[in-house]
Amino acid sequence: MSRSGSAKVVCVTGASGYIASWLVKLLLQHGYTVRATVRDLADPKKIEHLSALEGANERLHLFKANLLDEGSFDSVVEGCEGVFHTASPFYENITDPQAVLINPAVKGTLNVFSSCVKTPVKRVVVTSSVAAVAYNGRPLAPDVMKLSGNTEVLGAICSRVLQVMWYRLSKTLTEEAAWKFSKDNSIDMVTINPAVVIGPLLQPTLNTSAAAILNLINGSFIYPNTTFGWVNVKDVAMAHILAFEVPSANERYCLVERVAHYAEVVKILHEQYPALKLPEKCVDDKPFVPMHRVSKEKAKSLGIDYIPLETSIMEIVESSREKGFVSF
């Protein structure tokens, strides 16, 4: 594997998360020295899987930092060539979205960016989401959406539409704030906007997107009438690194290997694990939520060769079995 990051020092915020753990793993494999932030250095669930990575003893340095503590990222970012800002909460069914999702996401991003202004950072790569740009008050259409070239946040006008879609709103407002701050302060910023991220787990906890797949094989009798874009976590992590390394990388990269209804996901699971008892019915009798498509052109220009959805589903199931989240 290329040692493209040899002797380079970078920062990864929220390093214990699903995407961030893979990003740290690949950065170490590429020879980078990584300064990684977590909320609690005393929590083994946050750090043990990171400390066990190849190269961690020599080139991984863990720091405690809180998104809402002003200046807490200053010492971590100082001396780094690049910053990968992945830290952002992702919860559903919450009672106080402003405090749990929106404030940490928006204010935390501006806090990290304020630290980046104080040191000559080459580029900041932000982990965003397709959710930040796809929901603009209009139905998702079957034609190809090219969401990657425009740095105006398409969803920023739709907070009223997203009243009950707090995660999407948090990602929308965060990207809006990040683009404004980066332009006002001449920060070279690139965003990575993945769809639903699945694939193997490194962290010892079950994240939301993995749980969505496991719900289908843990005795559920129905599947949601929902259509999502899907992408492998390894592709998402690699896209972050390429977005930092490729000089011409710019603006936004939406990552979607395939758009698929839950019915197709169930079908793939049945083909891979025919003995499993899987849901046979949709949650309602309405027509399936229509398909949409997202352009792959810009992501492929970065060098991403997508892992197929079938592989991603098998990887997340096998990984979950190894970690004891599911047994069959």
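Let's start with one contact: the side chains of Glu257 and Arg258 come together in a salt bridge, with 3.6 Å from N to O. Keep in mind that this is a predicted model. Glu257 counts as buried, since its relative accessibility is 11% and the cut-off for buried is under 20%.

Arg258 has another partner as well. Its side chain meets that of Glu310 in a salt bridge, this one at 2.7 Å from N to O. Here the pair ties together distant parts of the chain: Arg258 sits in strand 12 and Glu310 in helix 11, and their positions lie 52 residues apart in the numbering. Glu310 counts as partly exposed, because its relative accessibility is 30%. Put these pieces together and you get a network of salt bridges that links Glu257, Arg258, Glu264 and Glu310.

Stay with helix 11 for a moment. Which residue does Glu318 form a salt bridge with? Its partner is Arg321, and the closest N and O atoms are 3.3 Å apart. These two are 3 residues apart in helix 11, so about one helical turn separates them. There's a simple bit of geometry behind that: an α-helix has 3.6 residues a turn, so residues three or four places apart point the same way. Both ends of this bridge are partly exposed, Glu318 with a relative accessible area of 27% and Arg321 with 32%. Over the whole structure, the count comes to 10 salt bridges.

Now move to helix 9, which runs over residues 262-272. Which of its residues are tucked away? Tyr262, Val265, Val266, Ile268 and Leu269 are buried. They sit on the same side of helix 9, because they cover an arc of only 160° around the axis. Turn to the other side of helix 9 and you'll find Lys267 and Glu271, both exposed. So what covers the buried residues of helix 9? The cover includes two elements we've already met, strand 12 (258-261) and helix 11 (309-322). It also includes helix 7 (208-217), strand 9 (222-223) and strand 10 (227-232).

A little earlier in the chain comes strand 11, residues 251-255. Is this strand mostly enclosed or mostly open? It is largely enclosed by the rest of the structure, because 4 of its 5 residues are buried. Strand 11 pairs with strand 7 (residues 189-194) in the parallel sense, over 5 bridges. If you want to find the pairing in the model, look for Val190, which stands opposite Glu251 in strand 11.

Cysteines are worth a look too. Cys254 is buried, with a relative accessible area of 4%, and Cys282 is buried as well, at 12%. How many disulfides does the structure hold? The count is 0.

Finally, step back to see the whole chain. It has 11 helices and 14 strands. Of its 328 residues, 54% count as buried. The surface that the chain exposes comes to about 14700 Å², with carbon and sulfur atoms supplying 53% of it. Then there's the question of how far along the chain the contacts reach. Among contacts with a separation of 6 or more, 81% are between residues 24 or more positions apart. The bridge between Glu310 and Arg258, whose residues are 52 apart, is a pair that links distant parts of the chain.

Conventions
Residues numbered from 1 in each chain as written. Predicted model: local features only at pLDDT ≥ 70, side-chain atom pairs only at ≥ 80, totals over all residues. Heavy atoms only, no water. Buried < 20%, exposed > 50% of the residue type's maximum accessible area, 1.4 Å probe, protein only. Contact = heavy atoms within 4.5 Å. Areas by Shrake-Rupley, 256 points an atom, 1.4 Å probe, with all protein chains shown as cover. Arc of directions from axis to C-beta. Salt bridge = Lys/Arg side-chain N within 4 Å of Asp/Glu carboxyl O. Disulfide = S-S within 2.5 Å. Pairing = 2+ DSSP bridges.
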